[in-house]
Amino acid sequence: MADTELEFFQSLPRTRGAATALLCDDTGRVLLVKPTYRSGWGLPGGVIEMGESPLQACRRECVEELGFAPVLRGLVGVDWLPGQLSPDGRPATVFVFAGTLARGQFDAVRLPPDELSAARLVESGRLAEFLPERQARRITAFLDPAGGGVRYLEHGYGVDWS
């Protein structure tokens with residue numbers, strides 16, 4: 001019976017999970033990082049490793065990418081990404097955790113040179129200048145206090161629940 005159950009679970013579709021930190025300073029600017037392995041900017045974070053929770057992944061990635069673990073206040077949203085956006089054709093689920101940078105904490109950022117080339121604080125109204133459209137939509141949606149609570153998106157768009 002156990003072999004059959006294992007075979008069943010191994011036959012299921014695979015998806016990827018990622019966790020990111022939406023960190024703002026006391027003026028509301030968003031911390032963005034610039035990867036060395038692709039063009040554009042993004043939030044600190046990355047792939048959820050085997051056996052790791054989304055929150056653990058977010059904290060680990062922040063330590064690796066920023067040099068410190070920020071204080072996170074909670075999950076603000078989940079965004080499902082369709083497989084056609086990925087080279088391997090697999091969909092992904094992105095968990096976004098929010099936090100606030102303490103005064104002067106941006107100055108403590110220590111980027112790994114093999115992974116990130118820059119970090120900056122960007123006003124929310126300028127995110128589209130730095131991010132791919134879907135990421136700008138995602139972050140803007142999760143910054144919107146009118147949404148309240150944890151929000152669910154698909155490809156950066158709100159869902160019609162009717």
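Let's start with what covers helix α3. The cover over its buried residues includes strands β1 (16–24), β4 (72–81), β5 (92–100), β7 (151–154) and β8 (157–158). This is a predicted model, by the way. Which residues of α3 are buried? The helix spans residues 133–143, and the buried ones are Q135, A136, R137, R138, I139, A141 and F142. Note the two arginines in that list, R137 and R138.

Next, strand β2. That is residues 30–35. Five of the six residues are buried, so the strand is largely enclosed by the rest of the structure. Its partner is β6, residues 116–122. Six bridges join the two strands, and they run antiparallel. For a register check, find L31 in β2: opposite L31 stands L121 in β6.

Now the largest pocket. Rolling a probe the size of a water molecule over the atoms shows where empty space is left. Here, the largest pocket holds about 720 Å³ of space. How many residues line the largest pocket? The lining has 31 residues. Nearest the centre lie A18, R38, L81, R134 and Q135. Q135 we have met already, as one of the buried residues of α3.

Which elements supply at least two residues each to that lining? They are β1, β2, β3 (45–47), α2 (54–66), β5 and α3. So much for geometry; on to chemistry. The lining divides into 15 nonpolar residues, seven polar and nine charged.

Last topic: aromatic pairs. The structure holds three. I'll take two of them. A pair of aromatic rings is described by the distance of the centres and the angle of the planes.

Pair one is F8 with F9. Centre to centre, the rings are 5.3 Å apart. The planes make 75 degrees, and the pair is edge-to-face. Buried or exposed? Neither: F8 counts as partly exposed, at 47% relative accessibility. F9 counts as partly exposed too, at 46%.

Pair two is Y152 with W161. The ring centres are 6.1 Å apart and the planes stand at 55 degrees, so this pair is tilted. Edge-to-face would need over 60 degrees. Y152 is partly exposed, with a relative accessible area of 32%. W161 is exposed, at 69%. The cut-off for exposed is over 50%.

One link back to the opening. Y152 falls within β7, residues 151–154, and β7 is among the strands that cover the buried residues of α3.

That's the tour. Questions, please.

Methods: Residues are numbered from 1 along each chain as its sequence is written. This is a predicted model: local features need pLDDT of at least 70, side-chain atom pairs count only at pLDDT 80 or more; totals for chains, interfaces and linings use all residues. Side-chain values use heavy atoms; hydrogens and water are left out. Buried means under 20% relative accessible area, exposed over 50%, partly exposed in between (1.4 Å probe, protein chains only). Helices (H or I, at least four residues) and strands (E, at least two) are DSSP runs, numbered from the N terminus. Contact means heavy atoms within 4.5 Å. Two strands pair if DSSP finds at least two bridges between them. On a 1 Å grid over the protein atoms alone, a cavity is a set of points where a 1.4 Å probe fits but cannot get out, and a pocket is an open set with protein on both sides within 12 Å along at least five of seven lines; lining residues have an atom within 4 Å of a point. Grid points are joined across faces, edges and corners, and a volume is the space filled by probe spheres set on the points. Ala, Val, Leu, Ile, Met, Phe, Trp, Tyr, Cys and Pro count as nonpolar, Asp, Glu, Lys and Arg as charged, and the others, Gly among them, as polar. Rings of Phe, Tyr and Trp (its six-membered ring) pair if their centres lie within 6.5 Å; planes under 30 degrees apart count as stacked, over 60 as edge-to-face and the rest as tilted.
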